[in-house]
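Here are my notes on the model, for when you have it open. I kept to two helices and the ligand site.

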Amino acid sequence: MLSLARQDLNTLAAAELSRQVQQQGVCRTADDPDAWFPPEPNRSGRESKEAWQARRAAYEQTAERLCGGCPARAACLELALQEEAKLPRTWVHGVQGGKAPWQRQAMLRSRTRHSRAGQAAAGVAS
Ligand code: SF4
């Protein structure tokens, strides 16, 4: 099986990432593909923060369980990050690459911060 470092994945074209996901993704042949779209734990007005966080943690555990053994997990996560970087948050749903939507959004924010910091550093150095 092809094993790629995260830096390598970042540079793979979306078409290649998509090919890996289509060929190897466990959810593609699952009996219940809707399982990868569990109800999102949106916070209701009267719910305590602790209860809401517990529901988010349960969702994250479900994501880990669903994707834990998938050989396309790294490619799937990278593909999701590349695609979701172009979308509004309200369009991002479901489990991808073993992560919940808000986890992927946090990863994207971190990636953006690192990219800007790298660009700033390069500007200072030049
Ligand atoms: S990592 Fe999860 S969502 Fe992605 S292809 Fe594999 S099983 Fe499907």
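Which residues are exposed on the other side of α2? See point 2 for the reply.

1. A caveat first: this is a predicted model, where local features need pLDDT of at least 70, side-chain atom pairs count only at pLDDT 80 or more, and totals for chains, interfaces and linings use all residues. Numbering runs from 1 along each chain as its sequence is written.

2. On the other side of α2, the exposed residues (12 or fewer other C-beta atoms within 10 Å of their own, placed from the backbone) are Ala15, Gln22 and Gln23. Leu17, Gln20 and Val21 of α2 (residues 14-24) are buried (20 or more such atoms). They fall within an arc of 95° seen down the axis (directions from the helix axis to the C-beta atoms), so they line one face. These buried residues pack against α4 (contact: C-beta atoms, placed from the backbone, within 7 Å).

3. Helix α4 (residues 73-84) is largely enclosed by the rest of the structure, because 9 of its 12 residues are buried. The buried ones include Arg73 and Glu78, along with Cys76 and Leu77. Its end C-alpha atoms are 16 Å apart, which agrees with the 16 Å expected (1.5 Å times one less than the number of residues).

4. Now the ligand: of the 15 residues around it (C-beta atom, placed from the backbone, within 6 Å), Gly25, Cys27, Cys67, Cys70 and Cys76 come nearest. The elements giving two or more residues to this shell are α3 (49-67) and α4. By class, the shell has 10 nonpolar, 4 polar and 1 charged residues (Ala, Val, Leu, Ile, Met, Phe, Trp, Tyr, Cys and Pro count as nonpolar, Asp, Glu, Lys and Arg as charged, the others, Gly among them, as polar).

Technical notes. Helices (H or I, at least four residues) and strands (E, at least two) are DSSP runs, numbered from the N terminus. Two residues are in contact if their C-beta atoms, placed from the backbone, lie within 7 Å.
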